[in-house]
Amino acid sequence: ATVTASNKPYDGTTVATAGCALTGVVGTDVVTCSSGTATFDTAAVGTGKTVTVSGITLSGAAAGNYTLASTLATTTAAITAKALTATVTASNKPYDGTTVATASCALTGVVGTDVVTCSGTATFDTAAVGIGKTVTVSGITLSGAAAANYTLASSTATTSAAITAATVTATVTASSKPYDGTTAATASCTLIGVVGVDVVTCAGTATFDTASVGASKTVTVTGLTLAGAAAGNYTLASTTATTTAAITAKALTATVTASSKPYDGTTAATASCALTGV
């Protein structure tokens, strides 16, 4: 009996499929052989692997006229790597000005308890804030004790995740002013937490606590908003901020008008006073 075995994809077993042919049959005698049990030498992937066929038997009308030289025969065949599909899941992240993403990788098609894992490099489509953004994981590779028995259907996989707005803190500085009877204030705003050279500014409405003169008076800036090319990637920790500034006394100019008088031998005069700038 001579046997021929078929190649198979890795399945974690040594089971093989083999065909059987006979050498030495006389004339047109009808006699065939069945290839009992066929097994690979190991379950691992490889080429030219030994396949042993045992328990070969004869059948057919003329089978009784023959006996097998051996009920065992060998041949070779390959176990090829099994294709696995990688699926990836990416994590949301706050805006950081980069497309770097963090993703986990899982495999579909692993046999039994084989230890095989996958990993690759994950990137968002753009660095900008958004939901449902495409994350591509490229250069996926396999590792683990059984990795050599598998291949990837594709070394690239995609999923989606969000880049959320980064939180920035507004700090404000107010200018002192001379008393003008109002609580209106003038303040500038700067941001803590802006990434790199992103262009983002802030502004709001500034007011003193009271209109009266005083040093280190509380100035509250409300309704703070963001502006600038990168503003959409940020959110404010608070839309209100406080600082201090002074309202100084306003300088007034006094003008006087004196009344004429008849001579009385003194320098005494009578005058009225008016103020300019009240």
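**Reasoning from cut-offs**

Mentor: Leu252 lies in the loop between β22 (241–248) and β23 (253–259); strands (E, at least two residues) and helices (H or I, at least four) are DSSP runs numbered from the N terminus. This is a predicted model, in which local features need pLDDT of at least 70 and side-chain atom pairs count only at pLDDT 80 or more, while totals for chains, interfaces and linings use all residues. Residues are numbered from 1 along each chain as its sequence is written, and side-chain values use heavy atoms, without hydrogens and water.

Trainee: Why is Leu252 called partly exposed?

Mentor: Buried means under 20% relative accessible area, exposed means over 50%, and partly exposed lies in between (1.4 Å probe, protein chains only). Leu252 has 40%, so it is partly exposed.

Trainee: Which residues form a nonpolar patch on the surface with Leu252?

Mentor: Leu275 and Val278 join Leu252 there, with about 330 Å² of accessible area together. Patch members have over 30% relative accessible area and no salt bridge; nonpolar side chains (Val, Leu, Ile, Met, Phe, Trp, Tyr) are joined within 5 Å, and like charges within 9 Å. Accessible areas follow the Shrake-Rupley method with a 1.4 Å probe.

Trainee: What makes the chain more spread out than a compact globule?

Mentor: The radius of gyration is taken over C-alpha atoms, and the globule rule is 2.2 Å times the number of residues to the power 0.38. For 278 residues the rule gives 19 Å, whereas the chain has 45 Å, so it is more spread out than a compact globule. Its C-alpha atoms fill a box of roughly 170 × 25 × 25 Å along the principal axes, and the chain has 0 helices and 24 strands.

Trainee: Why is the pairing of Lys49 and Asp41 called a salt bridge?

Mentor: The term requires a side-chain nitrogen of Lys or Arg within 4 Å of a carboxyl oxygen of Asp or Glu. Lys49 and Asp41 meet at 3.2 Å, N to O. Their distance is within the 4 Å limit, so the pair qualifies. Lys49 is buried at 8%, whereas Asp41 is partly exposed at 47%.

Trainee: How do you know that Asp209 and Lys217 form a salt bridge?

Mentor: Their closest N and O atoms are 3.3 Å apart. Asp209 is partly exposed at 47%, and Lys217 is buried at 8%. The count under this rule is 7 salt bridges.

Trainee: Why does Ser216 count as exposed?

Mentor: Its relative accessibility is 58%, so Ser216 counts as exposed. Ser216 is in strand β20 (residues 214–227), and its phi is near 50°, a positive value in a residue other than glycine.
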